[in-house]
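Here are some short exercises to work through with the model open beside you. Try each task before reading its solution.

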Amino acid sequence: MRTIAVINQKGGSAKTTTSVCLGATLAERGKKVLLIDLDPQYSATTWMATHAVGRGVFDLFDGPQKTTLRSLIHPTATPGFSLVGSSAWLVGVEKALSKKSGVETVLREKLADLDDPFDYVLIDCPPALGVLTVNALTAVREVLVPVACQVMSLQGLAQLIQTVEMVRERLNPQVRISGIVACRLDNRTKHGPEIVGMLRTRFPEMMTTAIRENIRLAECPSMGEPITSYASGSSGAKEYRSLALELINQEERESHEQIANG
Ligand SMILES: Nc1ncnc2c1ncn2[C@@H]1O[C@H](COP(=O)(O)OP(=O)(O)OP(=O)(O)O)[C@@H](O)[C@H]1O
Ligand SMILES: [Mg+2]
């Protein structure tokens with residue numbers, strides 16, 4: 001089971017679009033995918049939920065102690081793609097946790113108890129480096145960072161990398177950034193490709209696939225469908241398929257390396 005937190009503290013960097021559309025393209029390839037919406041804005045839930053989710057993931061943080069992740073999982077209309085929803089209750093999570101100890105490891109413990117095997121667990125994080133994002137970083141092995149290429153803040157990325165380092169040292173020695181993905185790229189401007197070029201020279205974790213601006217991607221949340229079913233032939237669908245393939249290929253490369261290293 002690969003566990004991947006989709007993180008960028010900068011708002012509007014395509015975290016939710018990437019979580020949902022990458023999840024859907026992985027599911028299309030026969031993978032079992034669980035998306036956990038960890039954002040109080042609950043955009044992924046509004047997009048994909050087909051059932052009322054109640055307080056959703058908030059119950060893990062401030063519900064009955066015995067609430068399991070399993071009990072919060074709902075199927076979606078996309079085969080192979082399940083969802084743990086979020087709700088506005090999550091706005092109060094900092095307050096709810098303020099008098100408790102061990103608050104950073106809540107999600108990790110619940111995820112460790114998950115008896116349902118998924119190939120991928122993706123966590124859509126809020127645009128902040130607060131207790132929810134730290135919970136995600138503590139629970140996963142991998143971080144995927146979408147970067148919107150319209151406006152870029154290298155400073156923001158540096159801060160994110162520092163946070164990942166801090167969590168690695170204090171809470172989760174296994175976590176690492178396994179991919180940075182250029183999103184919302186507009187090749188018609190000089191600015192977009194320049195940003196991608198700059199990212200490629202600085203970060204070896206850059207994924208080869210870049211996701212271009214695509215109107216279909218902007219439309220599909222309000223249709224309640226991922227790009228794979230809303231506009232299967234669009235450039236957005238093709239590029240998220242290519243990203244899914246890259247992710248899957250990372251596994252093959254790693255298993256080859258393991259064999260090579262004995
Ligand atoms: N490749 C794309 N082409 C066109 N529109 C896009 C693309 N990717 C994302 N968008 C749009 O950009 C906006 C921000 O994307 P999204 O909600 O995925 O970002 P986010 O990082 O999850 O935002 P937040 O930080 O608020 O959670 C949305 O309106 C989305 O539909
Ligand atoms: Mg979002």
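**Exercise 1. Find the sign of phi for glycine 30, just after α1.**

Solution. Start at the end of α1 and step to glycine 30, which takes a positive phi of about 90 degrees. Helices here are DSSP runs of H or I with at least four residues, and strands are runs of E with at least two, numbered from the N terminus.

A word on conventions: this is a predicted model, in which local features need pLDDT of at least 70 and side-chain atom pairs count only at pLDDT 80 or more, while totals for chains, interfaces and linings use all residues. Residues are numbered from 1 along each chain as its sequence is written, chains are lettered from A and ligands numbered from 1 in the order in which they are written, and side-chain values use heavy atoms, with hydrogens and water left out.

**Exercise 2. Check the span of helix α1 (residues 15–28).**

Solution. First, take the expected span as 1.5 Å times one less than the number of residues. For the 14 residues of α1 this should be 20 Å, and the end C-alpha atoms are 20 Å apart, so the two agree.

**Exercise 3. How many residues of α1 are buried?**

Solution. Count a residue as buried under 20% relative accessible area, exposed over 50%, and partly exposed in between (1.4 Å probe, protein chains only). By this rule 12 of the 14 residues of α1 are buried, among them Lys15, Thr16, Val20 and Leu26.

**Exercise 4. Compare alanine 14 and tyrosine 42, each a residue other than glycine with a positive phi.**

Solution. Alanine 14 has phi near 80 degrees and is found in the loop between β1 (2–6) and α1. At 11% relative accessibility, alanine 14 counts as buried. Tyrosine 42 has phi near 40 degrees and lies in the loop between β2 (33–37) and α2 (43–48). At 34% relative accessibility, tyrosine 42 counts as partly exposed.

**Exercise 5. Which residues come nearest to ligand 1?**

Solution. Of the 18 residues around ligand 1 (a heavy atom within 4 Å), Lys15, Thr16, Thr17, Arg184 and Asn214 come nearest. α1 gives the most to this shell, with 3 residues. Next, look at the polar contacts (pairs of N or O atoms within 3.5 Å). An oxygen atom of ligand 1 is 2.8 Å from a side-chain N or O atom of lysine 15, and an oxygen atom of the ligand is 2.9 Å from one in the side chain of arginine 184.

Terms used: Polar contact = N/O pair within 3.5 Å; in protein donor to acceptor, adjacent residues only side chain to side chain.
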